[in-house]
Amino acid sequence: MAIDIGIPKKDREDIAKHLSKLLADTYSLYLKTHSFHWNVTGPQFNSLHAMFEVQYNELWLAADEVAERIRTLDVVAPGSYSKFAKLTSIKEETGVPEWKDMVGQLVEGHEIAASTARDTIKAADAGGDEGSADMVTGRLKEHEKTAWMLRSLLK
């Protein structure tokens, strides 16, 4: 059955391409945050362990929301580590850094995701997709706020 939501197929595909990058950033940041939750040590353990748990749960829900938006546009959402690795700009951490480096990496990850969100909003606006632009604006605000909160721990 053909989809007719008022956005041409070419525009839906372009918007979905940007959303797929945001999904990859979100999932990669989720995975990194969850790993840091498991492995954080040091004097900030209790507060960081709890904070990282809140953050990875929020990212998990966000990934689902972004993937479902891609599907709403009638495009297949990426769903494998290899696809996410090709799409994300967030660097993988294979070791266990000290807590300050964990926080710094998460700040960087949220800033990257915020930048990806801004690009996605531009694509959604250009394609007349207010639904995606609205959803991604919420994601942008969440990434900016989380980066600020994490950054404040390093001062």
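**Figure 1. K83, a lysine in helix α3.** In this predicted model, K83 sits in helix α3, the stretch covering residues 81-87. With a relative accessibility of 46%, K83 counts as partly exposed, because it falls short of the over 50% that an exposed residue needs. For a sense of scale, look across to A124: K83 and A124 are 41 residues apart in sequence, and their C-alpha atoms are 22 Å apart in space.

**Figure 2. T88, in the loop that follows.** Next up is T88, found in the loop between α3 and α4. Is T88 buried or exposed? Its relative accessibility is 16%, so T88 counts as buried. If you skip residues up to four places away in sequence, T88 touches K21, A24, D25 and S28. One of these, D25, also shares a polar contact with T88, side chain to side chain, at 2.7 Å.

**Figure 3. How α1 and α5 pack.** This view takes in a pair of helices: α1 spans residues 9-39, and α5 spans residues 130-152. Two packed helices are described by the angle between their axes and the distance between the axes. For α1 and α5, the angle is about 30 degrees and the axes are 12 Å apart. That angle makes α1 roughly parallel to α5, because angles under 35 degrees count that way. As for handedness, α1 passes α5 in a left-handed crossing. Which residues make the contact? On the α1 side they are I15, L19, L22, T26 and L29; on the α5 side they are S132, M135, V136 and H143.

**Figure 4. H143, tucked into α5.** Here we zoom in on H143, which belongs to helix α5 and takes part in the contact with α1. H143 has 0% relative accessibility, so it counts as buried. What does H143 touch, once its neighbours within four places in sequence are set aside? Its contacts are T26, L29, L59, H110, A113 and A114. Two of those names, T26 and L29, turn up in the α1 side of the helix packing as well.

**Figure 5. E144 and its partner R118.** One step along, E144 is also part of helix α5. E144 counts as partly exposed because its relative accessibility is 35%. Leaving out neighbours within four places in sequence, E144 is in contact with A114 and R118. With R118 there is a polar contact between the two side chains, at 2.3 Å. Within the chain, E144 and G131 are 13 residues apart, and their C-alpha atoms lie 20 Å apart in space.

**Figure 6. K141, on show in α5.** K141 is another residue of helix α5. How accessible is K141? The value is 56%, so K141 counts as exposed. Follow the chain to K155, 14 residues away, and the C-alpha atoms of K141 and K155 are separated by 22 Å.

**Figure 7. A salt bridge within α1.** How many salt bridges does a search of the whole structure find? The count is six, and this view shows the one between E13 and K9. The closest N and O atoms of E13 and K9 are 3.9 Å apart. Both residues lie in helix α1, four residues apart, which is about one turn of the helix. E13 is partly exposed, with a relative accessible area of 40%, while K9 is exposed at 53%.

**Figure 8. A salt bridge from α2 to α5.** In this close-up, E58 forms a salt bridge with R139, and the closest N and O atoms are 2.5 Å apart. E58 lies in helix α2 (residues 45-72) and R139 in helix α5, so the pair ties together parts that are 81 residues apart in sequence. E58 counts as partly exposed, at 24% relative accessibility. R139, on the other hand, has a relative accessibility of 5% and counts as buried.

**Figure 9. A buried salt bridge, D129 with R69.** The last view shows the side chains of D129 and R69 meeting in a salt bridge, at 2.7 Å from N to O. Why does this pair link separate parts of the chain? D129 lies in the loop between α4 (99-126) and α5, whereas R69 is in helix α2, so the pair ties together parts that are 60 residues apart in sequence. Both D129 and R69 are buried.

Key:
Residues numbered from 1 in each chain as written. Predicted model: local features only at pLDDT ≥ 70, side-chain atom pairs only at ≥ 80, totals over all residues. Heavy atoms only, no water. Helix = DSSP H or I, 4+ residues; strand = E, 2+ residues; numbered from the N terminus. Buried < 20%, exposed > 50% of the residue type's maximum accessible area, 1.4 Å probe, protein only. Contact = heavy atoms within 4.5 Å. Polar contact = N/O pair within 3.5 Å; in protein donor to acceptor, adjacent residues only side chain to side chain. Salt bridge = Lys/Arg side-chain N within 4 Å of Asp/Glu carboxyl O. Axes fitted to C-alpha atoms, helices over the stretch in contact; angles between N-to-C directions. Parallel < 35°, antiparallel > 145°, perpendicular 65-115°, else oblique. Left-handed = near helix turned anticlockwise from the far one by under 90°.
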